[in-house]
Each structure stands twice: as C-alpha cells, then as structure tokens.
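Dear colleague,

I am passing on a structure for you to look at, with my notes on what was found in it set out underneath. Please read them with the model open beside you.

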Amino acid sequence: MTTYATPATVVAADPVIQRRRRPTGRVRLKYVLTVLVFLLPSLIPLLAFVIGPMISAGWTSLHTWNLIGPMQWVGLDNYAFLLSDPATHQAFLHTVYYIVGYLPLVYVGGLALALALNSRLRGRAIFRGVYFLPVITSWVVVALVWRWLLSPSNGVVNNVLAVFGIEGPGWWADPAWAMPSIILASAWKDLGFVMVILLAGLQTINPDLYEAAELDGAGWWRRLRSITMPLLSPSTFFVIVLSLINGFQVFDQVYVMTGGGPNDASRVVVQQVYDLTFRYGQAGMASALSWLLFFVILVITLIQFYGQKRWVNYE
C-alpha cells in the first residue's frame, strides 16, 4: 500500500520550515508591546491607585509616622502591637458582627425580590428601577436619611411603633442598637444590587425544569430547594464573596450614622484605620492594620474559592 505525503506532514518533517515558522525575538517583542499598549488604559490607574498605594502602605507599616515628620523604622513592632491590642480585637469583632447580621438579611431580601420580579408581575421594570435606585445613591445621603428615620426622639420608625403602643429603642444612640441600625441601613441600600445579580441567575434557569417538576407533583418549596437554589449557586457564590469583601471594609455608614459610637459600640476596622491616621497621627500603625485587614479578607476569599467546589454548580 502506497503512502503519500500530505502538505502537513511535509511541513512537520522539514526542520527548515519549522525554524521559519517559529516567532523571532523581534516578533515576540512586537507582540508584547502590542499587548501592553492595549493594557495601558487600565494598567496605569491600577498601578497608580491600587498597587502603588498598597506597596506604599506596606512600607509605611514598618515605621512610625505622624504624617508630618520623618518616618522612623520599627520593623514589625506595629503588627505585634496590633495583634495584642484589645481595641483592635474589638474592632474586628464589631466588623464580624456587622457581616453576620448584614449578609443573611441582604441575601434573603434580595432573593425574595428577585423571585417576585422574575414572576409575571405587572410593572416589573418599574419595580426593578425603584429597588435599584438606592444602590446608585450616595452612602452619605442614605446614612443621613436612616439616621433621621431611626432618630430615638422624633424618628419616623419610632413614631410608627408608638402608634401600635410599642416603645422604640434608642437605635444609633444606644450601644446595644447602634450596629443593628447600621446593618438595617446597609441591607436596605444593597438589596437592589443583590436582587439584580440573583435575578440574572434566575433567568438563566431552563423553565422546562420547573414544568417537569410541577408535573411530578413538586410544590413551590420543593422546586425552590431542588431546582432554584442549586442552579442559582454561582450567583449566590458571587454575592457572598462580594458582600464579605465589602462587609469587612464597611466605613461610610458607620462614620456618618454613629462615628464608631456610642462608647465605641460600632467601631469597625476601617474606622480604626481612619482614627489612627487622622485623629492620633499614627499612620504607620494604621497602615499595618490595613495590611492585617487585607490578609484577613484574602484568606477568607481563598477559603471560599476552595470550598465552592463542594456546593457551587456550574453545569
């Protein structure tokens, strides 16, 4: 049986042709420069406003500095002090308290809105816009409005409760209610964002699955548990990761509504960073605390990405 050489086999067997096909150093350099040109519009802001300040904060964390005089090298002393500082421990505990209260509330509320707006509801587009409006509203405005709504003396919420004979709490003026006030305002503002993400996930689910389950006698709860939640897991994972990262960096609403008070009952980590820098002139300590917060967020995010294999369904 006669075997004929094809053009592909001739090219593969000829070393001269292979050498000619390999990209030269000039071609590689041209390719790299072309890629860099297209990356520059996003790379320059990333270096200037993210990576550069992070490196600068890391260097500052190894010094004592009051923002005016020269920096003095102290090595890892700032980190050692913060790891044993009760105020830092308290700030991290308050931040975790905020996340534990905020995350379930914003997810369940966003899921309920997404399920409602995914059904055949009149005026769905209007409701989507209304619920998303707080997301694009300034945090300062939202925090001031909620500070007024939850005012212990003449707030709307306590006045409504008084109509039903219920004595309203002190809200942001009470150490026991300061953090729940912040959680309530934060969840209200972010409901629209979670709703949009989960609604997009819901619309990717094949309706035939619901019809088949309904024919088999599956009720609403069964369909939600066996179809919706497993197939919505990628969107859920995204919401959880993003909410945790943002939760650890909570600051605006705390600063405007309570300022970390009363009696430091709502002081969170970023509030501590702010106070160390601008109230106490300890920029080195604040930079070290920023890096500790970064490592905490990084570790928790990596754990989530590792654990997603067990419950996130991408099929």
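**The second largest pocket**

The second largest pocket encloses about 490 Å³ of space, and of the 20 residues that line this pocket, V273, A286, S290, W291 and L293 are the closest to its centre. Please keep in mind throughout that this is a predicted model. Helices α3 (25-60), α14 (269-278) and α15 each contribute at least two residues to the lining of the second largest pocket, and the largest share, eight residues, is supplied by α15. Sorted by class, the lining of this pocket consists of 15 nonpolar and five polar residues, with no charged residues.

**Helix α15 and its contacts with α3**

Helix α15 covers residues 283-307, and S287 has its place there. Is S287 buried or exposed? With a relative accessibility of 11%, which is under the 20% that sets the limit for a buried residue, S287 counts as buried. Once the neighbours within four places in sequence are left aside, the residues in contact with S287 are A57, T60 and S61. Two of these names come up again in helix α3, where the buried residues are A57, G58 and T60; what covers these buried residues of α3 includes β1 (63-64) as well as α15.

**Two bent helices**

Helix α3 also deserves attention for its course, since a straight helix of 36 residues would span 52 Å at 1.5 Å a residue, whereas α3 spans only 41 Å between its end C-alpha atoms. The helix bends by about 60° at L40, and a proline, P41, follows within four residues. Helix α9 (residues 178-202) has a kink as well, of about 40° and centred on D190, yet with its 25 residues α9 reaches 35 Å from its first C-alpha to its last, which is close to the 36 Å expected at 1.5 Å a residue.

**The largest pocket**

The largest pocket holds about 580 Å³ of space. Of the 16 residues in its lining, those closest to the centre are N118, S119, P207, Y210 and R223, and the elements that give two or more residues to the lining are α10 (207-215) and α11 (220-231). By class, the lining of the largest pocket is made up of seven nonpolar, four polar and five charged residues, whereas the lining of the second largest pocket has no charged residues.

**Backbone geometry in two loops**

Most residues other than glycine have a negative phi, and most peptide bonds are trans. Against that background, a few places in this model may be worth your inspection.

The loop between α8 and α9 holds W171, which has a positive phi of about 50° although it is not a glycine. W171 is buried, with a relative accessible area of 9%. One of the residues that touch W171 is N158, which is found in helix α8 (residues 156-163) and which, when residues up to four places away in sequence are not counted, touches S151, P152, G168, P169 and W171. N158 itself counts as buried, at 8% relative accessibility.

In the loop between α13 (252-257) and α14, where P262 has its place, a cis peptide bond joins G261 and P262, with omega at about -10°. The loop between α13 and α14 is also where N263 lies, and phi of N263 is near 55°, a positive value in a residue other than glycine. N263 is exposed, with a relative accessible area of 72%, while W171 is buried.

**A long-range pair**

How far apart in space are G69 and G284? The two glycines are 215 residues apart in sequence and 12 Å apart in space, taken from C-alpha to C-alpha. G69 is found in the loop between β1 and β2 (72-73), and with a relative accessible area of 24% this residue is partly exposed.

With kind regards

Notes: Residues numbered from 1 in each chain as written. Predicted model: local features only at pLDDT ≥ 70, side-chain atom pairs only at ≥ 80, totals over all residues. Heavy atoms only, no water. Buried < 20%, exposed > 50% of the residue type's maximum accessible area, 1.4 Å probe, protein only. Contact = heavy atoms within 4.5 Å. 1 Å grid on protein atoms, 1.4 Å probe; cavity = no way out; pocket = protein on both sides within 12 Å on 5 of 7 lines; lining within 4 Å. Points joined across faces, edges and corners; volume = space filled by probe spheres on them. Nonpolar A, V, L, I, M, F, W, Y, C, P; charged D, E, K, R; others polar. Expected span 1.5 Å × (residues − 1). Bend = angle between axes of the 7 residues up to and from the residue.
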